[in-house]
Amino acid sequence: RDDSYWGRPVPGFGDPNARVLVLGLAPAAHGANRTGRVFTGDGGGGSGDFLMTAMHRNGFASIPTSRSIDAGLPLHNAFITAAVRCAPPDNKPEPDEIAACLPHLEAELALLPNIRVVVALGKIAFDVWWKVMSQQGLVLRPRPVFAHGAVCKPAGRPVVIASYHP
């Protein structure tokens with residue numbers, strides 16, 4: 001209640017030379033919507049800390065928590081972003097919200113030429129990734145189906161790993 005809220009669209013963050021892209025759903029209402037950075041500030045034990053612990057353990061994050069935008073959290077060889085840029089009501093974005101945010105995701109991806117692996121956190125992020133790929137001319141038949149741990153290796157495109165959202 002006493003915090004100042006960012007309350008604007010939340011951009012991605014990380015290493016501009018990243019080979020790994022982590023694609024989440026949307027800013028948490030009291031996490032990134034408050035702090036201005038995805039997967040940051042959603043409370044001890046929240047999805048940001050869960051994700052950063054895993055990323056830190058694997059050499060992608062400098063610290064194992066993500067509580068404050070000022071805490072110093074450079075990412076190494078990884079970039080984190082979200083399919084939707086504003087906190088959606090009940091954390092369930094509508095199709096028009098997803099469509100409105102798609103150009104922002106595409107613009108971010110254009111600045112990340114080295115991405116080789118995409119970790120899609122949740123079905124919505126997974127589906128948004130394939131929408132981006134289809135707009136770039138990649139149409140897979142049948143289209144990949146979300147399942148935790150599923151791996152898709154389209155020729156000439158990043159490997160996609162599906163994961164439950166933390």
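Here are three short exercises on the core, the aromatic rings and a pocket of this structure.

This is a predicted model, in which local features need pLDDT of at least 70 and side-chain atom pairs count only at pLDDT 80 or more, while totals for chains, interfaces and linings use all residues. Residues are numbered from 1 along each chain as its sequence is written, and side-chain values use heavy atoms, with hydrogens and water left out.

**Exercise 1. Find which element supplies the largest share of the largest nonpolar core.**

Step 1: Start with the term. A nonpolar core is a set of buried Ala, Val, Leu, Ile, Met, Phe, Trp, Tyr and Cys residues joined through side-chain atoms within 4.5 Å. Buried means under 20% relative accessible area, exposed over 50%, and partly exposed in between, with a 1.4 Å probe and protein chains only.

Step 2: Look at the members. The largest core has 29 residues, and L21, F126, W129, W130 and V160 have the most contacts inside it.

Step 3: Turn to the elements, where helices (H or I, at least four residues) and strands (E, at least two) are DSSP runs numbered from the N terminus. At least two core residues come from each of β2 (20-24), α3 (95-110), β4 (117-121), α4 (123-135) and β6 (159-163). Helix α4 supplies the largest share, seven residues.

**Exercise 2. Classify the ring pair F126 and W130 as stacked, tilted or edge-to-face.**

Step 1: Recall the rule. Rings of Phe, Tyr and Trp (its six-membered ring) pair if their centres lie within 6.5 Å; planes under 30 degrees apart are stacked, over 60 edge-to-face, and the rest tilted.

Step 2: Apply it. The ring centres of F126 and W130 are 6.0 Å apart and the planes stand at 75 degrees, so this pair is edge-to-face.

Step 3: Place the pair. Both residues lie in helix α4, four residues apart, about one turn of the helix. F126 counts as buried because its relative accessibility is 2%, and W130 does so at 4%.

Step 4: Widen the view. F126, W130, F146 and Y164 form one aromatic cluster.

**Exercise 3. Work out which residues line the second largest pocket, and of what classes.**

Step 1: List the lining: L109, L112, P113, I115, R116, W129, M133, Q136, G156, R157 and P158.

Step 2: Sort by class. Ala, Val, Leu, Ile, Met, Phe, Trp, Tyr, Cys and Pro count as nonpolar, Asp, Glu, Lys and Arg as charged, and the others, Gly among them, as polar.

Step 3: Count. The lining has seven nonpolar, two polar and two charged residues.

Technical notes. 1 Å grid on protein atoms, 1.4 Å probe; cavity = no way out; pocket = protein on both sides within 12 Å on 5 of 7 lines; lining within 4 Å.
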